[in-house]
Each structure stands twice: as C-alpha cells, then as structure tokens.
Amino acid sequence: MPVENAATAELIKSLPKAELHLHIEGSLEPELMMALAAKHQVTLPYATIDDVRRAYNFDNLQSFLDLYYLGASVLRDEDDFYRLMWDYLCKCKEDNVVHAEIMFDPQTHTERGIGFEVFMPGFMRAIAQAEKEWGQSTLLIMSFLRHLSEESAFETLEAAQPYLSMITAVGLDSSELGNPPQKFAQVFAKAKSLGLLRVAHAGEEGPAEYIWSALNDLDVHRIDHGVRSVDDPALMQTLAEKQMPLTVCPLSNIKLCVFSHMREHNILSLLDSGLLVTVNADDPSYFGGYLNDNYHALAAHLPITPEQIKTLAANSFKASFLAQDKKALWLAQVAAL
Ligand SMILES: Nc1ncnc2[nH]cnc12
Ligand SMILES: [Zn+2]
C-alpha cells in the first residue's frame, strides 16, 4: 500500500484550496451537537459523545441522512447557526481553504418552524467575521431536498427572496435514488431566471442517467459527486469536452459504501480521462475528516503524484464561482508551489 510521505503532507498543507461541496449541517461536530441538545433540551438517542461517533457507521446514503437530519434538529437559534458556520470557517483557516462554497439545506430547518430570518443572520455573521479576521472568501449555495416535492422547493425559493443577494447558487441533495434531477426542472428554471447559478448531486448512488438529467434538465454548472459517470463512455466524453466540474468527496464515498475501500476509488481514472475533478469533504464531521484529510486519504491509498495533487487544487479554483481575476490569482499561487 502506498504510504503518504512527508513532502506530500507538506504539499497538501501549503496548497491554497477551494472547497466546493460542503454541507454546513454536515460539519456539526458531536461536541457541538451534544452542547446544543443540552442548551435546548432536545433528547437525542446518545448519552455521550463517544455514542454519537459510534453511531456513524453507515450502509448507504439513507442510513447517513437519517442521522444527519436527527443531528440538525439541535440547531434552533441564530447563535447556533453562527457557531456552526464559525467552527467550519475556522477549519478552513487551518486547512488553507481560502475559498468555500457552502451548501445549506433550508428545508431541514423550515420544516421544523425555523426560518430564513433565524439561520441566515447566523451564517452571515460568521462569514463576515472570518472575512474581516483573515480574508476568508465564502459563497452560499441553497440546496433543495430532493425527497420532498418540487412544490416545497418552490416555497423555499419564495421564502429565500429577501436573502437572494447572499445566495450564489441553488443545489439539489438528499435521497438520490427515485428522485431524479428532472423532478426539479421547473424550480431550477425559475432559479436561473432569478440569476442563481446551479449545481446538483448526481451519480453518487444514482445512475449515469441522473447525471445526464442534471446537465440537460437543470442546466447545472457543476455535478456534485458524479463518480458513476464511468458507467457511460458517452457521458464521460461529454463531461470532458464541456470541462464540467465534478465535486468528488473521497471519504464520503467510502463511509457511504459507494466504493468498498479508498484503493478502489475511481478519482484517478476520472482525472486521467480528462475530467475537471475536484476534492471535497461533503459532511466532514460524519465522514471522518475535513478537506486536507480527504487529500491525505488519497495520498495514503492511491498512487497519486504531487502533480496530480496540484491539479486537483488548481481545479478547485477553476470549478469555483469566483470571478476570473480572483481565479487567476489563486491559480498562480498553486502553480508557484
Ligand atoms: N452526500 C450527500 N448526498 C446527498 N445528500 C446529502 N446531504 C448531505 N450530504 C449529502
Ligand atoms: Zn453532498
């Protein structure tokens, strides 16, 4: 088994990186979950922090989502959302993630009676503070839950209207199988007409067909995950020609049994096929690591070269929603390493 060496570890640490696939609710650490449960007298099926960690053994996406929605139930007031965002942004600083495009799931909160007027000010306070303190760059992606109806997504878009200046893009997440992208074609068209950019989870557990649907029915700028594209050579060719970014999440894919072991992950073959692949953390507190941990896991188990690591970091800026001049600045810094 290839083992990561010290020079590789140093390269991963020193590279500036962008994170493009991160669910803020998935960065809720067990310590904060238990503290907020006590604060709000929420009963969780865990007595200790170790119990929480022990529960994080998943068979598939749904078994994770069940715990993810349960965990999010402790988020109640503006301060909770501030703290959640602040803790994640501090991890960005540690990992040299200079730019983050962060997903949040409004329906996870609005369905519990907690509205945009609670979570948006909490998120924005942390984002402004991190920008002021160390120049952190952050954008927000509002993600619709695909196990709910398109009507519910429309209601969410409507509720978001006063906050649209703070939101760059819409996304699509939650239970993929049985909820294909085309179910949300109308609401994505409406989001586009409002000037919002678009991403969607596709080809995580679902078939390559769902990736076609995200491209053709939702007119997305990026595919979240997309690892099942290898099943369809014509799709691979289209993704390569369009340089359509894939936001791949290695540790997530292992925890959710998309691949049986990191040795089996197809990220290097996606890269070799000329796809614009990026590395991301997805739900770091549930999957055992933040962005640099994902790079380290690749270096420990796959024959990845320093050049490929630099390509992945450069791709994270190319695939971002940053303005061209900012992209060029970060790309020059990556190239200089
Ligand atoms: N990996 C993932 N796939 C789908 N929905 C999610 N919500 C949070 N993480 C997710
Ligand atoms: Zn995700």
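UniProt positions are given in the numbering used here, feature names are shortened, and annotations may be inferred rather than shown by experiment. Residues count from 1 along each chain as its sequence is written, while chains are lettered from A and ligands numbered from 1 in the order in which they are written. This is a predicted model, where local features need pLDDT of at least 70, side-chain atom pairs count only at pLDDT 80 or more, and totals for chains, interfaces and linings use all residues.

**Exercise 1.** Find the residue that UniProt lists for "active site" and place it in the fold.

*Solution.* Start with the record: the unreviewed UniProt entry lists Glu204. Next, locate Glu204 in the loop between strand 5 (197-202) and helix 10 (208-218); helices (H or I, at least four residues) and strands (E, at least two) are DSSP runs, numbered from the N terminus.

**Exercise 2.** Decide whether glutamate 204 is buried or exposed.

*Solution.* Recall the cut-offs: buried takes 20 or more other C-beta atoms within 10 Å of the residue's own, exposed 12 or fewer, and partly exposed lies in between, with C-beta atoms placed from the backbone. Now count: glutamate 204 has 24 C-beta neighbours inside 10 Å, so it is buried.

**Exercise 3.** Describe strand 1 (residues 17-23) and its link to strand 2.

*Solution.* First, seven of the seven residues of strand 1 are buried, so the strand is largely enclosed by the rest of the structure. Then look across to strand 2 (residues 97-104): five bridges join the two strands, which run parallel. Finally, pick out lysine 17, which stands opposite valine 97 in strand 2.

Definitions and conventions: Two strands pair if DSSP finds at least two bridges between them.
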